[in-house]
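Reader: I am new to this structure and would like a close look at a single part of it. Please take me through that part slowly, and explain each term when it comes up.

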Amino acid sequence: MSRKIYYLTRSYAPYDPGGGALMRRGAVEHLIRLGWDVVVVRPNYESFDQELKENVLMVPFNKK
């Protein structure tokens, strides 16, 4: 049985710089080791397209 969780975040490494993004990646890796099927959901700041790269879903975000 697969357990799925959606991890919502503003930043996630390697797509964003900084220590916070690295810590969130570590948390996701820990959940995967515990047996969770993790889908990271984060804003797509670069375009208005929805993209799925590996387990990261980038959704359009309007900064205005």
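Author: A good place to begin is a single pair of residues: Glu51 has Met58, in strand E4, as its bridge partner. Strands (E, at least two residues) and helices (H or I, at least four residues) are DSSP runs, numbered from the N terminus, and two strands are said to pair if DSSP finds at least two bridges between them. The model is a predicted one, in which local features need pLDDT of at least 70 and side-chain atom pairs count only at pLDDT 80 or more, while totals for chains, interfaces and linings use all residues. Residues are numbered from 1 along each chain as its sequence is written, and side-chain values use heavy atoms, with hydrogens and water left out.

The pair Glu51 and Met58 belongs to the contact between two strands, for E3 and E4 are joined by three bridges in the antiparallel sense. The hairpin that these strands form has two residues between them, and there Glu54 takes a positive phi near 55 degrees, a value that is positive although the residue is not glycine. Glu54, in the loop between E3 and E4, counts as exposed at 75% relative accessibility; here exposed means over 50% relative accessible area, buried means under 20%, and partly exposed lies in between (1.4 Å probe, protein chains only).

On a wider view, E3 and E4 are part of an open sheet of four strands, whose order is E1-E2-E4-E3 and whose pairing is mixed. Its edges are strand E1 (3–8) and strand E3 (51–53), each of which pairs on one side only. On average, neighbouring strands of the sheet are turned by 25 degrees against each other, direction ignored, where angles come from lines fitted to C-alpha atoms (for helices over the stretch in contact) and run from 0 to 180 degrees between N-to-C directions.

Strand E2 has a partner on either side in that order. E2 runs parallel to E4, with five bridges joining the two, and Pro43 stands opposite Val59 in E4. E1 and E2 also pair in the parallel sense, over six bridges; Arg3 has Trp36 as its bridge partner in E2, and Leu8 has Val41. Seven of the nine residues of E2 are buried, so this strand is largely enclosed by the rest of the structure.

Arg42 is a residue of E2, and with a relative accessible area of 1% this arginine is buried. Leaving aside residues up to four places away in sequence, Arg42 touches Thr9, Arg10, Tyr12, Tyr15, Asp16, Val56, Leu57, Met58 and Val59, contact meaning heavy atoms within 4.5 Å. Tyr12, in turn, has contacts beyond four places in sequence that include Ala21, Val28, Val40, Arg42 and Val56.

Several of these residues return in the largest nonpolar core, which has seven members: Tyr12, Val28, Leu31, Val38, Val40, Val56 and Met58. Such a core is a set of buried Ala, Val, Leu, Ile, Met, Phe, Trp, Tyr and Cys residues joined through side-chain atoms within 4.5 Å. Two or more residues of this core come from each of helix H1 (19–33), strand E2 (36–44) and strand E4 (56–60).

The helix H1 lies across E1 and E2 and runs at about 155 degrees to E2. H1 has 15 residues and reaches 21 Å from its first C-alpha to its last, close to the 21 Å expected at 1.5 Å a residue, a span reckoned as 1.5 Å times one less than the number of residues. Its buried residues are Ala21, Val28 and Leu31, and seen down the axis of H1 they fall within an arc of 80 degrees (taken from the directions from the helix axis to the C-beta atoms), so they line one face of the helix. These buried residues pack against E1 and E2, whereas the face of H1 turned away from its buried side carries the exposed residues Leu22, Met23 and Arg33.

Two features stand at either side of this helix in the sequence. Pro14 lies in the loop between E1 and H1, and the peptide bond leading to Pro14 from Ala13 is cis, with omega near 10 degrees. Just after H1, Gly35 takes a positive phi of about 105 degrees.
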